[in-house]
Amino acid sequence: MATERLYFADAYLRTFTARVLQQGSYGDQPAVTLDRSAFYPEGGGQPGDRGTLNGAPVLDTQADAADDVWHVLAEPLTTLDVQGEVDWARRFDFMQQHHGQHLLSAAAEQHFDATTLAVHLGEATCTVDLQYPGFTSEQVGELEASTNMMIWANVPVQARFVSPEELRELPLRKPPQAYSRIRIVSAGNFDHSPCGGTHPARTGEVGSVVIRRWERYKGGVRVEFVCGQRALRDYRQQNELLGLLAGELRVGQAELPAAVARLRASEEAQRKQLEQADARLRGYEAHELIAGAERIAAVPIVVGAFADRTLDNLRQLARQIAELGGVALLGLRADKAQLVFTRGPQVPYDMGGLLREAAAVVGGRGGGKPDAAQGGGPDVGRLEEALAVALAGLRSMAGDRPGD
Ligand SMILES: [Zn+2]
């Protein structure tokens, strides 16, 4: 015997008595079917109800192929006569979202000839997928406004089972999925849709609909919306967030975009200034390193291992040493050992060859041109040794040259 669905006749029914028909399980949880129930089982994009049976939590409600409604429980029931109570705050929230979606889909159809392809009513946000190429923000405003006009018209919402003859007379928004016993939900003359869901008594109870955003999706558009108390909660959260940001920047909410633009411009200017200061500092550093460097065949050779600077910064330092006519054999201790070798244009040594040898010491690879090479390896602990190998290689290159 299929469960008698009490919410068909009265979507506002919160408590009821019933008798357990079957005890089983759903997933890993115990579950029961009842002879009658006000719990809405998941379907039509709307999640299943929660609540209690004899005070024990109902975690979810699902219908099976035999049209039985399963109440998924945290713990098994001990009696067969139960008092059920629907989590009304949650249910009413979904009634607002669900009916808001009906009206949004009706408005999309009437104003944009956009068919509804899919609906998702989530715990936080709701979406409706429309067969429509894309909206302008003006059109989104129009869709939202016309849906709200239907809500505020506060027309009665009726749900009833109709005969096939009556069905043919109704201007349905979408065809029913079955033709035997069809339930039609009508919102005045705005909308007639086959639906087994829970709806408020009048459109006004939806409160309002807000379209939060939309995106292109599978050749159509996915519209994200919230209705009723969710729209209010969403407004409160957004307003609080804006208030927080405005307070932080010490401006009014309306001045936020300009304040953020100023902040970004100032950040960009500071970044440029810092870059220039950094370049000057590297210039001094290059001069200082050259002044203190050992000379081989009159060429200053700067050898050093660094930490706490970026590879890019080290590369620029090496370039500056080369511009001053020196040789830079520089290493960086980071996640891995990095090597940067450069030389001035008048210096004859091959940096690419030196780097290949040094990179092998830290277990890695590298190479480059005769005047600039880069590489590295994982063995950070042998960075100093790698630089020593490079220096020794350079000495032997210098020794090989006739005339020194
Ligand atoms: Zn519906």
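**Figure 1. Tyr12 sits in the loop between β1 (4-5) and β2.** The model shown in every panel is predicted. Y12 is partly exposed, because 14 other C-beta atoms lie within 10 Å, and a residue counts as buried from 20 upwards and as exposed at 12 or fewer. A38 is the second residue to locate in this view. Y12 and A38 are 26 residues apart along the chain. Their C-alpha atoms are separated by 8.9 Å.

**Figure 2. Six strands close into a barrel.** The strand order is β2-β3-β7-β6-β5-β8. Pairing in the barrel is antiparallel. On average, neighbouring strands are turned by 45° against each other, direction ignored. Strands of a sheet pair through backbone hydrogen bonds, either parallel or antiparallel. Start with β6 (residues 56-63) and β7 (residues 69-73), which run antiparallel and are joined by 5 bridges. One position to find here is T61, which stands opposite H71 in β7.

**Figure 3. Strand β8 (residues 81-86) has a covered face and an uncovered one.** V82, G84 and V86 make up the covered face. D81, Q83 and E85 make up the uncovered face. Strand β2 (residues 15-26) runs antiparallel to β8, with 5 bridges between them. In this pair, T17 of β2 stands opposite Q83 of β8. Strand β5 (residues 51-53) also pairs with β8 in the antiparallel sense, over 3 bridges. Here L53 stands opposite G84. Follow the two facing residues back to the faces of β8: Q83 belongs to the uncovered face, and G84 to the covered one.

**Figure 4. Helices α1 and α4 cross at roughly 95°.** Two packed helices are described by the angle between their axes and the distance between the axes. Helix α1 covers residues 88-112, and helix α4 covers residues 228-249. Their axes come within 7 Å. The crossing angle makes α1 roughly perpendicular to α4, because angles of 65 to 115 degrees count as such. On the α1 side, the meeting residues are D93, Q96 and Q97. On the α4 side, they are G228, Q229 and R230.

**Figure 5. Two loop residues, D113 and N154, have positive phi values.** D113 is found in the loop between α1 and β9 (115-121). Its phi is near 55°, a positive value in a residue other than glycine. D113 is exposed, because 9 other C-beta atoms lie within 10 Å. N154 is found in the loop between α2 (137-152) and β11 (157-162). Phi of N154 is near 50°, again in a residue other than glycine. N154 is partly exposed, because 13 other C-beta atoms lie within 10 Å.

**Figure 6. Helix α5 (residues 256-291) reaches 52 Å from its first C-alpha to its last.** The helix has 36 residues. Its span is close to the 52 Å expected at 1.5 Å a residue. α5 is hardly covered: 2 of its 36 residues are buried. For the wider setting, the domain assignment gives domain 1 (4-86), domain 2 (92-241) and domain 3 (280-400). The centres of domain 1 and domain 3, taken over C-alpha atoms, are separated by 74 Å.

**Figure 7. Six strands form an open sheet with mixed pairing.** The order is β16-β17-β18-β19-β21-β20. At the edges lie β16 (294-296) and β20 (365-369), each pairing on one side only. Neighbouring strands in this sheet are turned by 15° against each other on average, direction ignored. At one edge, β16 and strand β17 (residues 299-306) pair in the antiparallel sense over 3 bridges. R295 has P300 in β17 as its bridge partner.

**Figure 8. Helix α6 (residues 311-323) packs on the open sheet.** α6 touches β17, β18 (327-333) and β19 (337-343). The direction of α6 makes about 20° with that of β19. Helix α7 (residues 351-361) lies across β19, β20 and β21 (372-377). α7 runs at about 175° to β20.

Conventions
Residues numbered from 1 in each chain as written. Predicted model: local features only at pLDDT ≥ 70, side-chain atom pairs only at ≥ 80, totals over all residues. Pairing = 2+ DSSP bridges. Helix = DSSP H or I, 4+ residues; strand = E, 2+ residues; numbered from the N terminus. Axes fitted to C-alpha atoms, helices over the stretch in contact; angles between N-to-C directions. Domains from an automatic or database assignment. Expected span 1.5 Å × (residues − 1). Parallel < 35°, antiparallel > 145°, perpendicular 65-115°, else oblique. Contact = placed C-beta atoms within 7 Å.
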